[in-house]
Amino acid sequence: MRWSTGDRSDVEDMRGRSGGGGMIPLGIGGLIVVALLSYFTGIDFFSMLGGGGGGGSAPTSVGTTGRVSASPGEEKMVDMVDAIARDVQKTWEQKLGNRYEATKVVLFRDSIQSACGYAGAATGPFFCPGDRKVYLDLSFFDELQRRFGAPGDFAQAYVLAHEFGHHVQNLQGIERRVREEQQSDPRNVNALSVRLELQADCYAGVWGHEAAQPGRAARGEVELDPGDAEEALRAASAIGDDRLQKLGTGRVMPEKFTHGTSEQRVTWFKRGFDTGDPKNCDTFGNAGTR
């Protein structure tokens, strides 16, 4: 994947932040880590984390900002995150016009206070509707490669683009409508969550479609190299509910799905990637989650 270094205006660097406690929101990485802990031990870690969703409670202490000490490799990763965020947002500005509102990726280490509650590194990347920001501990990228067998810079880009997909859903009012429906019909909570997550996968694919167009690197934009799309597909497959459940218990429990199967995640990412049209990402319509 080719990209150009920018001014880091699309990231908010809070890697010197520490302290606090409270409710933790869950993103893709958090779902993986907490699900595996729950499945391996039989303990409901989701309940212990306060439900893992939005809402948020006050932290027990306020974080502080200190000096950031980072390796050249980590600093290069920050530049890559900034480049991806800039490119993803430019794509959605083109797709949505003045309906799109720019946001930032908040980088942190170990833990941070967000408008959705206090988040630890195990939370993984997540989007917080409360402040409309994407949160990321860079150590998750190592977990994605080492533990889940999904290496590559575009696999990392897919994860970020997925979280920006949640930002788009929030701007469109989709996230709010889903949460309201979940509250009114608790039996349908997981099924609606799956549809929300698969749509974010499709939205990530929409950006991937744009990034795959030739000549973008010469304009300072992100441009995919041959094989990059396969990296994203491996990542989508690696974090399917069925694969994670089988990894943890040796069996699959569809009634506990919250993000979709590996096949579903790959299918919806590919739908966005192949068409480049967010109108084809209606996981709530007739196409359902097939």
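Two residues are in contact when heavy atoms of one lie within 4.5 Å of the other. The exercises below apply this and related criteria to a predicted model.

**Exercise 1. Overall composition**

Task: Describe the secondary structure, the burial and the contact pattern of the protein chain.

Solution: Begin with the elements: the protein chain has 10 helices and 6 strands. Next, consider burial: of the 290 residues, 51% are buried. The surface of the protein chain comes to about 12,500 Å², and carbon and sulfur atoms supply 50% of that area. Finally, take the contacts between residues at least 6 apart in sequence: 76% of them join residues at least 24 apart.

**Exercise 2. The nonpolar cores**

Task: Identify the residues with the most contacts inside the largest nonpolar core, and state which helix gives the largest share of this core.

Solution: The largest nonpolar core comprises 57 residues, and V81, V105, Y158 and W207 have the most contacts inside it. Helix α7 (residues 189–211) gives the largest share, with 10 residues. A second core, separate from this one, has 9 residues, including M14, I112, F126 and Y135.

**Exercise 3. The surroundings of Y158**

Task: List the residues that Y158 touches beyond four places in sequence, and name the ring cluster to which Y158 belongs.

Solution: Setting aside residues up to four places away, Y158 touches D201, A204, A232, A235, A236, I239, R265 and F269. Turning to the rings, Y158 is linked through ring pairs with F269 and F273 in a cluster. F269 therefore appears both among the contacts of Y158 and in the cluster by the ring-pair criterion.

**Exercise 4. Aromatic pairs**

Task: Classify the ring pair of W92 and Y203 and that of F126 and Y135.

Solution: The structure holds 6 aromatic pairs. For W92 and Y203, the ring centres are 5.0 Å apart and the planes stand at 70°. Planes over 60 degrees apart count as edge-to-face, so this pair is edge-to-face. The pair joins distant parts of the chain, since W92 lies in helix α3 (residues 72–96) and Y203 in helix α7, 111 residues apart. Both W92 and Y203 are buried.

For F126 and Y135, the centre-to-centre distance is 4.9 Å and the angle between the planes is 5°. Planes under 30 degrees apart count as stacked, and this pair is stacked. F126 and Y135 are both buried.

A charged group also meets a ring: the charged end of R271 sits over the ring of W268, 4.1 Å from its centre.

**Exercise 5. The buried side of a helix**

Task: Which residues of helix α4 are buried, and why do they lie on the same side of the helix?

Solution: In α4 (residues 139–146), the buried residues are F140, F141, E143 and L144. Their directions cover an arc of only 160° around the axis, which puts them on the same side of α4.

**Exercise 6. Buried or exposed**

Task: Decide whether E175 and T5 are buried or exposed, and locate each in the chain.

Solution: E175 is in helix α6 (residues 174–184). Its relative accessible area is 13%; the cut-off for burial is under 20%, so E175 is buried. Neighbours within four places aside, E175 is in contact with P129, Q169, N170 and L196.

T5 is placed in the segment before β1 (11–14). Its relative accessible area is 54%; exposed means over 50%, so T5 is exposed. The C-alpha atoms of T5 and E221 are separated by 9.7 Å, although the two residues are 216 residues apart along the chain.

Key:
Residues numbered from 1 in each chain as written. Predicted model: local features only at pLDDT ≥ 70, side-chain atom pairs only at ≥ 80, totals over all residues. Heavy atoms only, no water. Core = buried A, V, L, I, M, F, W, Y, C linked by side-chain atoms within 4.5 Å. Buried < 20%, exposed > 50% of the residue type's maximum accessible area, 1.4 Å probe, protein only. Helix = DSSP H or I, 4+ residues; strand = E, 2+ residues; numbered from the N terminus. Arc of directions from axis to C-beta. Phe/Tyr/Trp six-rings, centres within 6.5 Å; stacked < 30°, edge-to-face > 60°. Lys NZ or Arg CZ within 6 Å of the ring centre and 35° of its normal. Areas by Shrake-Rupley, 256 points an atom, 1.4 Å probe, with all protein chains shown as cover.
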